[in-house]
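Please explain how selected residues and helices are placed in the following structure. A formal account in running paragraphs is requested.

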Amino acid sequence: MTLYKTTITPKSNFTTPLKGDTLFGQICWAIRYTLGEDRLNELLSDYDKKPFLIVSDGFASGYLPKPSMPSHLLGENLELKKENRKKIWLSIEDLQSGNFKNAKTGGEIGYELTKNATIKNSINYLTFTTDDSGKFAPYALVEMKFSKQDIYFLLDDRFKLDELEKALETVAKSGYGKRASIGKGAFEYSAFEKVAIKKSSNAFMTLSPVVIDDENLEEFFYEPFTRFGKHGGGLANTNPFKSPILMADSSSVVVYDEICEKEYLGKAISGHSVNANTVHQGYSILIATEIKNAQ
């Protein structure tokens, strides 16, 4: 498989965090609309055995997140917990060599992320009231504004780069996530470039939410992440809700007994929707790292 990277530049506010599993779902819909349903079905035919595409989260351009591990394994000063929590970005070189103490804050690398909540009111458009009782039913719509972000794509040979470009262009123009129909989540992206990284290690970090299915792990460090998914595209008009999925969040770390080569980890997820053909990305790209402070 081949690892690529592109850098996106937001052209509007986002209302959905840029997570790999969500973006994978939108790319699948874009493949359906641009390349045809037969091509999508062909690519998904053995997705449970070998993924044709794995998508990462969005990260501050030029950086990757600090691994989700205890401070003593990161080599941090245990008396500076508040400062350590703000230092979340590492260069890929520091990550792969295990120099976690070089982590920087968003301000230090010039990365900006701001969130603003707008209070909205739920309206029943059949009755033009808030609900059956007519009571006020407010909710908060959170919008995010952020600097350029890198996204990584791991492609199998069956899925061509020009096909990915066509699909991503559709997502970029139509918008990512919630409220795309009113202009949210629009972005531009740079030319794809191949990424050469070290693949051999006994420790690896994930770049998106993942379902761990490897019984050979010696250790596993993670933060839980629950995906409350909804259908998009043509299925959004039926029953849009999917069953919740419990995953390990991005920047989890898996540790093996011996040095090995790994490109990705995880499994395909199915059976979480009334639509039997629905699949969810439970895979994650892996980046090799080193744990120097293990006891």
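A residue counts as buried when its relative accessible area is under 20%, as exposed when that value is over 50%, and as partly exposed in between. The model discussed here is predicted. Ser251 has a relative accessibility of 8% and is therefore buried by this cut-off. Ser251 belongs to the loop that links β13 (245–248) with β14 (253–261). The phi angle of Ser251 is near 70°, a positive value in a residue that is not glycine. For context, most residues other than glycine have a negative phi.

Ser251 also leads to strand β10, since Ser251 is among the residues touched by Thr206. Thr206 is part of strand β10, which covers residues 200–206. Because its relative accessible area is 0%, Thr206 is buried. Apart from residues up to four places away in sequence, the contacts of Thr206 are Asp249, Ser250, Ser251, Ser252, Ser284, Ile285 and Leu286.

A second residue with a positive phi is Arg179, where the angle is near 65° and the residue is again not glycine. Arg179 is located in the loop between α7 and β8 (187–189). Its relative accessibility is 30%, so Arg179 is classed as partly exposed, whereas Ser251 is classed as buried.

Helix α7 (161–174) also borders the loop that holds Asp156; on the other side of that loop is β7 (149–155). Asp156 has a relative accessibility of 5% and is therefore buried. Which residues does Asp156 contact, leaving aside its neighbours within four places in sequence? They are Met1, Lys50, Pro51 and Phe52. A further link across the sequence joins Asp156 and Leu53: their C-alpha atoms are 6.3 Å apart, although 103 residues separate the two in sequence.

The last part concerns a pair of helices, α1 (residues 20–34) and α2 (residues 37–44). Their axes come within 6 Å and cross at roughly 135°. Angles of 65 to 115 degrees count as roughly perpendicular and those over 145 as roughly antiparallel, so α1 and α2 are oblique to each other. On the α1 side, the contact is made by Cys28, Ile31 and Arg32, and on the α2 side by Glu37, Leu40 and Leu43. Classified by residue type, this contact of α1 with α2 comprises 4 nonpolar and 2 charged residues, with no polar residues.

Terms used
Residues are numbered from 1 along each chain as its sequence is written. This is a predicted model: local features need pLDDT of at least 70, side-chain atom pairs count only at pLDDT 80 or more; totals for chains, interfaces and linings use all residues. Side-chain values use heavy atoms; hydrogens and water are left out. Helices (H or I, at least four residues) and strands (E, at least two) are DSSP runs, numbered from the N terminus. Buried means under 20% relative accessible area, exposed over 50%, partly exposed in between (1.4 Å probe, protein chains only). Contact means heavy atoms within 4.5 Å. Axes are lines fitted to C-alpha atoms, for helices over the stretch in contact, and angles run from 0 to 180 degrees between N-to-C directions. Angles under 35 degrees count as roughly parallel, over 145 as roughly antiparallel, 65 to 115 as roughly perpendicular and the rest as oblique. Ala, Val, Leu, Ile, Met, Phe, Trp, Tyr, Cys and Pro count as nonpolar, Asp, Glu, Lys and Arg as charged, and the others, Gly among them, as polar.
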